[in-house]
Amino acid sequence: MTTQPRTYKAIMGKRVGLGAYGQVASQQPSQVIDITPKCVDASITVGAEASDVRAITIQLKDVHGNAIDYAETVDIVMLLNSGGTDFVATGGSTGIAIGASGKLLTIIAKKVFKAISTTSGVIALTWTDTGTEAAFLGLYLPNGTRVISSTLQNA
């Protein structure tokens, strides 16, 4: 989404201003280049267990807490604890898989992934484990923010 800056101030030959959402932007002669990170937060919702499967919904958000309106790439790491100090032991019997929304690329089986959201900032996943391993989904956003889910553990 391209927004026109509201105010401009010359800074060493460049014109910069504030966009519609308060982001810093630089205006070239015919286009606006947004230079502020948009995806800075996320919510992770873990559904109830149903036949060894849990639905996981990730909503990527901007600085105002609104859903982003473009596809974003994020890193996902399966963790052993909510502090994010270690990797999960096995990653579940099947682990996480893509659900109805977004794309998922496995980097290390059941432990490390790259994901691409939909253009509304949603990534829908499933967690499958026939055992009772406790795991946490660690989401790493482009600005360096880390968001960790509640426990993924089946009975």
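Reader: Why is Lys111 called partly exposed?

Author: The relative accessible area of Lys111 is 24%. Buried means under 20%, exposed means over 50%, and partly exposed lies in between (1.4 Å probe, protein chains only). Lys111 therefore counts as partly exposed, since 24% falls between the two limits. This is a predicted model, in which local features need pLDDT of at least 70 and side-chain atom pairs count only at pLDDT 80 or more, whereas totals for chains, interfaces and linings use all residues. Residues are numbered from 1 along each chain as its sequence is written, and side-chain values use heavy atoms, with hydrogens and water left out.

Reader: Where does Lys111 lie, and with which residues is Lys111 in contact, leaving aside neighbours within four places in sequence?

Author: Lys111 belongs to the loop between E9 and E10. Its contacts beyond those neighbours are Ile76, Val77, Met78, Val88, Ala89 and Thr90; contact means heavy atoms within 4.5 Å. The C-alpha atoms of Lys111 and Leu137 are 9.3 Å apart, while the two residues are 26 apart in sequence.

Reader: What makes Lys114 and Asp75 a salt bridge?

Author: A salt bridge is a side-chain nitrogen of Lys or Arg within 4 Å of a carboxyl oxygen of Asp or Glu. The closest N and O atoms of Lys114 and Asp75 are 2.7 Å apart, so the pair meets the definition. Lys114 sits in strand E10 and Asp75 in strand E7, so the pair ties together parts that are 39 residues apart in sequence. Lys114 is partly exposed, at 35% relative accessible area, and Asp75 is partly exposed too, at 29%. The structure holds 1 salt bridge.

Reader: How do you know that E8 and E11 pair?

Author: Two strands pair if DSSP finds at least two bridges between them. E8 and strand E11 (residues 122-128) are joined by 4 bridges, so they satisfy this rule; they run antiparallel. In this pairing Ile98 stands opposite Leu125. A strand is a DSSP run of E with at least two residues, numbered from the N terminus.

Reader: What makes E5 and E8 edge strands?

Author: The open sheet of 4 strands has the order E5-E6-E11-E8, with antiparallel pairing. E5 (41-46) and E8 (95-98) each have a single partner strand, so one side of each is left without a neighbour in the sheet. Within the sheet, E5 and E6 share 6 bridges, and E6 and E11 share 7. Val46 stands opposite Ile56 in E6, and Thr57 stands opposite Ala124 in E11.

Reader: How do you know that the side chains alternate along strand E6?

Author: In a regular strand the side chains alternate between the two faces of the sheet. Along E6 (residues 53-61), Arg54, Ile56, Ile58 and Leu60 point to one face and are buried. Val53, Ala55, Thr57, Gln59 and Lys61 point to the other face and are not buried.

Reader: In what order do the 5 strands of the other open sheet stand?

Author: Their order is E9-E10-E7-E12-E13, with antiparallel pairing. Strands E9 (103-108) and E13 (146-148) are the edges, each pairing on one side only. E7 (residues 73-79) and E12 (residues 136-140) pair over 5 bridges, and Met78 stands opposite Leu137 in E12.

Reader: Where in the protein chain is confidence lowest, and where highest?

Author: The mean pLDDT (the predictor's confidence in each residue, from 0 to 100) is lowest in strand E1 (residues 9-11), at 54, and highest in strand E10 (residues 112-116), at 98. The chain averages 87, and 77% of the residues score at least 70. Where pLDDT is low, the predicted coordinates should not be read in detail.
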